[in-house]
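This report goes through one protein model, starting from a single residue and moving on to helices, pockets and cavities. Please keep the sequence and the structure in view while reading.

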Amino acid sequence: MLRDITLGQYYQADSVIHKLDPRVKLIATITFIISLFIVQNIAGYLIAAAFLACVIKLSRVPFRFMVKGMRAIVFLLLITVVFNLFLTPGETLISVWKLTITKEGLRTAVFMAIRLTFLIIGSSVMTLTTTPNNLTDGMEKLMAPLKIFRVPVHEVAMMMSIALRFIPVLLEETDKIMKAQIARGADFESGNLMKKAKSLVPLLVPLFISAFRRANDLAMAMEARCYRGGENRTKMKPLQYKKRDGIAYLTLVCYLSVCIGANILIRLPF
């Protein structure tokens, strides 16, 4: 399951999505997430699904590779669906003992499951098509106005990029430690919840030690290369908008407008 997490990984391909400016992809991801919370009907989610499908097709990232990242959040998805299904008040559909499924709860649970699925896949598209360096540059450019308030924009962007970059590294390290502990007789599957939690101690301790060691090695490497933050720092490949980026922004505006329109029109009497 750990190998199924795709967030933070980069998939090399020659596509128009890979060639887009990282600022465009960051804004597109934020816009897509906002649209998921704007739409409140099936028409809006169908539009979001069509938009996401087109982006995935243009990215040339295999759909199976992108969807397998969903396996890691199945448990979270189930908890969200169950809580919304049974704890939302409204018109009763099914009632068994003290458990009641309402019409509003069913609608909320379905929409929440769709929303979380689209959110994870949409975020994965950005990280799969953008290198960590470009992601750092894009975040730094977008957060540049915050320098007025003395916010260390470069350092914040660097930390966020390193965090994303280390997700697959730590997952691989976790997988190795787990296999080593299983070879020594550790059992992570059987037993009740408390026993499973205790069995994770031999996994978490070496994982934290490994994470701190990697962080220390990275800090020493950056210091050895005379890294001093973003002050007076130049770029070998400065970001520049191109024609395709303008087309992408126009497409985003059209998409968001259609989502808002669909959300308004569906409320009309007809």
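## A residue in the last helix

V258 lies in helix α11. This model is a predicted one. Is V258 buried, partly exposed or exposed? The relative accessibility of V258 is 43%, and because buried means under 20% and exposed means over 50%, V258 counts as partly exposed. Along the chain, V258 and S35 are 223 residues apart. In space, their C-alpha atoms are separated by 10.0 Å.

## The chain as a whole

The protein chain has 11 helices and two strands. Read from the N terminus, the order of the elements is α-α-α-α-α-β-β-α-α-α-α-α-α. The C-alpha trace spans about 65 × 60 × 40 Å along its principal axes. Of the 270 residues in the chain, 34% are buried.

Contacts can also be sorted by how far apart the partners sit in the sequence. Among the contacts in the protein chain with a separation of 6 or more, 74% are between residues 24 or more positions apart.

## Two buried polar side chains

S15 is placed in the segment before α1. The relative accessible area of S15 is 3%, so S15 is buried. The side chains of S15 and H18 are joined by a polar contact of 2.5 Å. When neighbours within four places in sequence are left aside, S15 is in contact with L58, S59 and R60.

N84 belongs to helix α5, which covers residues 74-87. Is N84 buried or exposed? N84 has 18% relative accessibility and therefore counts as buried. A polar atom of the N84 side chain lies 2.7 Å from the backbone oxygen of T80. An α-helix has 3.6 residues a turn, so residues three or four places apart point the same way. Not counting residues up to four places away in sequence, N84 touches G105, T108, A109 and M112.

## Helix α10

Helix α10 has 24 residues, from 201 to 224. How far does α10 reach from its first C-alpha to its last? The distance is 35 Å, close to the 34 Å expected at 1.5 Å a residue.

The buried residues of α10 are L203, L207 and S210. These buried residues pack against α8, which covers residues 153-183. Just after α10, C226 has a positive phi of about 60 degrees.

## Pockets and cavities

Rolling a probe the size of a water molecule over the atoms shows where empty space is left. The table sets out three of the spaces in this model.

| Space | Volume | Lining residues by type |
|---|---|---|
| Largest pocket | about 1,000 Å³ | 14 nonpolar, 11 polar, 12 charged |
| Second largest pocket | about 470 Å³ | 16 nonpolar, five polar, two charged |
| Second largest cavity | about 30 Å³ | two nonpolar, no polar, four charged |

The largest pocket is lined by 37 residues. Which of them lie nearest its centre? They are T131, P132, N133, N134 and D137. Several helices, α1 (16-19), α2 (22-38), α7 (132-142), α8, α10 and α11 (243-265), each supply at least two residues of this lining. The largest share comes from α8, with six residues.

The second largest pocket has a volume of about 470 Å³. Its lining holds 23 residues, and the closest to its centre are I17, L20, A28, F51 and V55. At least two lining residues of the second largest pocket come from each of α1, α2, α3 (42-59), α6 (103-128) and α11.

How many cavities of 30 Å³ or more does a search of the whole structure find? The search finds two. The second largest cavity is lined by D137, K141, K235, K237, P238 and L239. By type, this lining divides into two nonpolar residues, no polar ones and four charged ones. D137 appears here in the lining of the second largest cavity, and D137 is also one of the residues nearest the centre of the largest pocket.

Technical notes
Residues are numbered from 1 along each chain as its sequence is written. This is a predicted model: local features need pLDDT of at least 70, side-chain atom pairs count only at pLDDT 80 or more; totals for chains, interfaces and linings use all residues. Side-chain values use heavy atoms; hydrogens and water are left out. On a 1 Å grid over the protein atoms alone, a cavity is a set of points where a 1.4 Å probe fits but cannot get out, and a pocket is an open set with protein on both sides within 12 Å along at least five of seven lines; lining residues have an atom within 4 Å of a point. Grid points are joined across faces, edges and corners, and a volume is the space filled by probe spheres set on the points. Ala, Val, Leu, Ile, Met, Phe, Trp, Tyr, Cys and Pro count as nonpolar, Asp, Glu, Lys and Arg as charged, and the others, Gly among them, as polar. Helices (H or I, at least four residues) and strands (E, at least two) are DSSP runs, numbered from the N terminus. Buried means under 20% relative accessible area, exposed over 50%, partly exposed in between (1.4 Å probe, protein chains only). A polar contact is a pair of N or O atoms within 3.5 Å; within protein, one must be able to donate a hydrogen and the other to accept it, and residues adjacent in sequence count only if both atoms are side-chain atoms. Contact means heavy atoms within 4.5 Å. The expected span of a helix is 1.5 Å times one less than its number of residues.
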